[in-house]
Amino acid sequence: MKADSDKTNLIGLPHMALQEFLAGLGEKSYRAVQIMKWIYHHGVIDTEEMSNISKSLRQTLAQCAEVRLTEPVSDQPSSDGTRKWLLRLECGNCIETVFIPETDRGTLCISSQVGCALNCTFCSTATQGFNRNLTVHEIIGQVLFAARTLGISPNRSKRKITNIVLMGMGEPLVNYDNVVAAIDLMLDDNAFGLSKRRVTISTAGLVPAIHKLVDSVDVSLAVSIHASNDQVRDRLVPLNKKYPIAELLPACKQYIADKPHRKITWEYVMLRGVNDLDEHARELAQLLKGIPSKINLIPFNSFPGTEYECSLPDRIGKFRNILINQGFPTIVRKTRGDDIDAACGQLVGSFTDRTRRQGRAVEIQRANGNTSNVIQTSAVKSTERDKRESEPHYEKFKTT
Ligand code: SF4
C-alpha cells in the first residue's frame with residue numbers, strides 16, 4: 001500500500017480529471033459523478049462508505065486514493081454568529097476561512113494564497129508577507145471543511161453555505177488557474193452546485209487576469225478600488241502603479257459587457273482623512289459613471305502598527321449619501337466578527353513568510369511597543385531564493 005501522502009487526493013479533482021483518474025483504474029465515467037456526490041453532497045470522506053460503488057472499486061480506491069481534508073487548528077465563534085477557522089495545510093502553514101451567517105444567506109469567505117504579496121498598505125494580511133499559492137484541493141477543501149462542520153446536506157435548500165467570496169488571504173487572480181478550477185467545482189452540480197451569481201472573485205485589479213477571466217469563468221466580480229484617483233490608489237494599492245485606474249476600468253467594463261444585470265461591486269475601505277472626503281466621493285462617482293455598479297464602503301478594521309484610522313461614522317454617512325445621490329447603490333458594510341479578528345482585511349493565518357515583510361511589521365510594532373497581535377512564525381533568513389520569492393507575484397502573471 002502507498003503511504004497516505006502518495007495517494008491521490010480526490011478533493012479538488014475537476015470532473016474531467018476524476019473521470020480520467022477512474023478510467024486509469026478501468027472504471028466507467030459515471031463513477032466520477034457518484035464519487036463527487038458522495039464527497040460534496042454527503043460529505044463522505046471514507047471511500048468505504050460510498051455504498052453505491054462496487055466493493056472492488058472501493059478496495060482499489062482505498063489503495064490509491066483518499067479524501068484528505070485540511071486540519072482545523074482553531075475554531076473561533078464570534079458573538080455575532082461569525083465563525084473563523086485556522087486550517088493547517090499539509091506543508092504546516094495555516095490559512096484562515098470565515099463563515100458569516102445572515103438571515104437570508106450564509107457566506108463563506110475563503111483564502112486563495114498563503115499570505116499575499118500585493119502589500120496593500122491598509123491590509124493586515126499584507127503585513128504577514130507571502131508564502132505560496134493554494135492548490136485547487138486547498139481552496140475547495142476550505143468549502144468542504146466548512147460545509148461538513150456546519151452540517152452538509154444533499155438538499156440544496158438546507159445548505160448553510162449559500163455564497164462564496166474569494167476575499168480571504170491572497171489575491172485570487174494571481175493564483176489564476178487553481179482559482180478557476182476551484183470555482184468550476186463550486187458551480188458544478190455534482191459538487192457544490194452554487195449559482196454563478198453567488199460566487200464572487202475579489203481582486204485588487206490584476207488587469208490582464210480580468211481580461212482573461214472573460215472567457216473562462218462567469219461569476220461575480222468585486223474590485224478593491226479604495227480610491228478615486230491614482231495618486232491615492234498608488235499609496236493604498238501598490239498594484240495600481242502597474243495597472244492604473246485608466247486600465248482597470250475598461251477591463252471591468254469588458255468583464256460585464258454582454259452580461260445583462262451584472263454589476264461590478266466596488267470595495268472601498270474608509271480611511272480617515274485619506275480617501276473619505278466629499279471630493280473623493282464625487283470623484284469616484286464621476287469615475288464609475290456608466291459602469292453598472294454597486295459600492296461597498298468598508299469601515300477600516302485597525303491592526304497593530306497601521307498608519308491608518310477608520311473614518312468617523314458621520315463622515316462615512318456623508319460619503320455614502322453623495323454616492324447614492326449620484327445614482328450608485330451604496331451600502332456601508334457591517335463589520336462582522338471583529339471580536340475574533342475575522343473582519344475584512346484582518347485575516348492573517350500563520351505561516352513562513354518568504355518576503356521578509358512580516359519581520360518588518362514586527363519591527364514597526366516593536367518600535368510602537370506592541371507585539372500582542374503578531375503571530376510569530378519562523379521568518380526565514382534572506383537568501384537569493386527568498387529575494388526571488390519576494391518579487392511581487394503579479395509580475396509573473398502572463399496572459400495566454
Ligand atoms: S487587500 Fe487583498 S490583495 Fe491587498 S494585500 Fe490584502 S489580501 Fe492582498
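In which helix does Leu236 lie? The legends below, for close-up views of a predicted model, include the answer.

**Figure 1. Leu236 and its surroundings.**
Leu236 is part of helix α8, which spans residues 230-236. Because 22 other C-beta atoms lie within 10 Å, Leu236 counts as buried; the cut-off for a buried residue is 20 or more. Leaving aside residues up to four places away in sequence, Leu236 touches Cys120, Thr121, Phe122, His226 and Ala227. Leu236 and Val269 are separated by 33 residues in sequence, and their C-alpha atoms are 9.8 Å apart.

**Figure 2. His226, a residue with positive phi in a loop.**
His226, one of the residues touched by Leu236, sits in the loop between β11 (220-224) and α8. Its phi is near 60°, a positive value in a residue other than glycine. Is His226 buried or exposed? His226 has 27 other C-beta atoms within 10 Å and is therefore buried.

**Figure 3. Asn119, a second loop residue with positive phi.**
Asn119 is not a glycine, yet its phi is positive, at about 60°. The loop that holds Asn119 runs between β7 (113-115) and α4 (124-127). Asn119 has 18 C-beta neighbours inside 10 Å and so counts as partly exposed.

**Figure 4. The shell around the ligand.**
The ligand is surrounded by 13 residues, of which Cys116, Cys120, Cys123, Ala126 and Ala204 come nearest. By residue class, the shell consists of seven nonpolar, five polar and one charged. Cys120 also appears in Figure 1, among the residues that Leu236 touches.

**Figure 5. The open sheet.**
Ten strands make up an open sheet with mixed pairing, in the order β3-β4-β5-β6-β9-β10-β11-β12-β13-β14. Its edge strands, each paired on one side only, are β3 (71-77) and β14 (330-332). From one strand to the next, the twist averages 20°. Strands of a sheet pair through backbone hydrogen bonds, in either a parallel or an antiparallel sense. Figures 6 to 9 show individual strand pairs.

**Figure 6. The hairpin of β3 and β4.**
The antiparallel strands β3 and β4 are joined by six bridges. Glu71 has Arg88 in β4 as its bridge partner. The hairpin has five residues between the strands, and Gly81 takes a positive phi near 95°. Strand β4 (residues 83-88) is mostly covered, with five of its six residues buried.

**Figure 7. The hairpin of β4 and β5.**
On its pairing with β5, strand β4 forms six bridges in the antiparallel sense. One bridge has Leu86 as the partner of Glu96 in β5. Which residue in the turn has a positive phi? That residue is Gly92, with a phi of about 100°, and the hairpin has five residues between β4 and β5.

**Figure 8. Strand β6 between β5 and β9.**
Strand β5 (residues 94-101) pairs with strand β6 (residues 106-109) in the antiparallel sense over four bridges. Pro101 is opposite Gly106 in β6, and the hairpin formed by β5 and β6 has four residues between the strands. With strand β9 (residues 163-166), β6 runs parallel and is joined by three bridges. On this side, Cys109 faces Val165 in β9 as its opposite residue.

**Figure 9. The parallel pair β12 and β13.**
Seven bridges pair strand β12 (residues 264-270) with strand β13 (residues 293-299) in the parallel sense. The bridge partner of Glu267 is Asn296 in β13.

**Figure 10. The packing of helices α7 and α9.**
Helix α7 (residues 207-216) packs against helix α9 (residues 245-256) at an angle of about 10°, and the axes are 9 Å apart. At that angle, α7 is roughly parallel to α9, because angles under 35 degrees fall in that class. From α7, the contact involves Val207, Ile210, His211, Leu213 and Val214, which meet Glu247, Leu248, Ala251, Cys252, Gln254 and Tyr255 in α9. The residues of this contact comprise eight nonpolar, two polar and one charged.

**Figure 11. The whole protein, for context.**
The secondary structure amounts to 13 helices and 14 strands. Of the 400 residues in the protein, 44% are buried. Among contacts between residues at least 6 apart in sequence, 70% join residues at least 24 apart.

Terms used: Residues numbered from 1 in each chain as written. Predicted model: local features only at pLDDT ≥ 70, side-chain atom pairs only at ≥ 80, totals over all residues. Pairing = 2+ DSSP bridges. Helix = DSSP H or I, 4+ residues; strand = E, 2+ residues; numbered from the N terminus. Axes fitted to C-alpha atoms, helices over the stretch in contact; angles between N-to-C directions. Near = placed C-beta within 6 Å. Nonpolar A, V, L, I, M, F, W, Y, C, P; charged D, E, K, R; others polar. Buried ≥ 20, exposed ≤ 12 C-beta atoms within 10 Å, placed from the backbone. Contact = placed C-beta atoms within 7 Å. Parallel < 35°, antiparallel > 145°, perpendicular 65-115°, else oblique.
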